Amino acid sequence: MTAQHALLECLPSGLRAEVEQHAQLIHLSAGDVVFRAGDGCRGLPMVISGSVRVQMLGASGHGIVLYRMGPDDLCTLSIGCLMAGRGYRAEAHVEEPTEALLMPRQAFDRLMAASPEFRQQVMASYGRRLDDLMLLVEEVAFGRLDQRLLDWLKVHASGRPALITHQELAVELGTAREVVSRLLKDFERHGRVRLARGRVELLQSQEVD
């Protein structure tokens, strides 16, 4: 196995060779589902290249993006599931062709017990993602949705159109498609955005009143 991940760099040569021997190199296509809510965790996914979106769906059918995994990232939910021995409570979808290593549960447990360096790297990744999720909770619970939508557009749709549907944008913000459509139509009436099917372009960056 020649594929590399930053997490392996912290390991002593003996443990690293053990991981490389047992880890499975997987290739995923855009649209593939890595795991669904309720699935058991088979191991720790370590992304080498590509992008994977992790999202949660509520009983109402509305979803919210929790985080994305890119090169050298670890799956935070998988870490929690492996340590707690429970199944997933969210789902992961491949956004673009992705290559990853899957470290089996037994190897993960052994390294957590045997390697302080590995344990520190895993927990540091877990802590960083937890901080991001706390910020997401704060935005969803206390932020004005119109301002959150405008902030998203400033990042993703300023200067060139964002190729995204209203439903996909609703998932990004953790709300209903109808709410997003209503806000975008209001922005369009005020000359702030240009809308087309599957496209949103920000025309003005002024704050929402």
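A helix here is a DSSP run of at least four residues, marked H or I, and helices are numbered from the N terminus. Keep that in mind for the first stop, and remember throughout that you are looking at a predicted model.

**Stop 1: one helix, one pair**

Select residues 177–189, which make up helix α8. Now show the side chains of Arg189 and Asp186: they meet in a salt bridge, with N and O 3.3 Å apart. Both sit in this helix, three residues apart, or about one turn. Turn on the surface and check how much of each partner shows. Arg189 has 63% relative accessibility, so it counts as exposed. Asp186 is partly exposed, at 28%.

Go to Arg177 next. Its side chain forms a salt bridge with Glu178, and the closest N and O atoms are 3.3 Å apart. Arg177 has a relative accessibility of 37%, which makes it partly exposed. Glu178 is partly exposed too, at 45%.

**Stop 2: a link across the chain**

Which residue does Glu172 pair with in a salt bridge? Select Arg68 and you'll have the partner; the closest N and O atoms are 2.4 Å apart. This pair ties together distant parts of the chain: Glu172 belongs to helix α7 (residues 166–173), Arg68 to strand β4 (residues 63–69), and 104 residues separate them.

Is Glu172 buried or exposed? The cut-off for buried is under 20% relative accessible area, and Glu172 comes in at 17%, so it is buried. Arg68, at 33%, counts as partly exposed.

Don't hide those two yet. Add Arg53 and Glu95 to the selection, and you have a network of salt bridges linking Arg53, Arg68, Glu95 and Glu172. If you want to hunt for more, the whole structure holds 12 salt bridges.

**Stop 3: into the nonpolar cores**

Time to leave the charges behind. Select Leu44, Met103 and Phe118: these have the most contacts inside the largest nonpolar core, a set of 40 residues. Then color strand β3 (residues 43–57), which gives this core its largest share, six residues.

Zoom in on Phe118. What does it touch, leaving out residues up to four places away in sequence? Show Leu7, Cys10 and Leu11, then Met103, Phe108, Leu111 and Met112, and you have the list.

For the last selection, pick Trp152, Leu169, Ala176 and Val193. They are among the 21 residues of a second core, separate from the one you just visited.

Note on methods:
Residues are numbered from 1 along each chain as its sequence is written. This is a predicted model: local features need pLDDT of at least 70, side-chain atom pairs count only at pLDDT 80 or more; totals for chains, interfaces and linings use all residues. Side-chain values use heavy atoms; hydrogens and water are left out. A nonpolar core is a set of buried Ala, Val, Leu, Ile, Met, Phe, Trp, Tyr and Cys residues joined through side-chain atoms within 4.5 Å. Buried means under 20% relative accessible area, exposed over 50%, partly exposed in between (1.4 Å probe, protein chains only). Helices (H or I, at least four residues) and strands (E, at least two) are DSSP runs, numbered from the N terminus. Contact means heavy atoms within 4.5 Å. A salt bridge is a side-chain nitrogen of Lys or Arg within 4 Å of a carboxyl oxygen of Asp or Glu.
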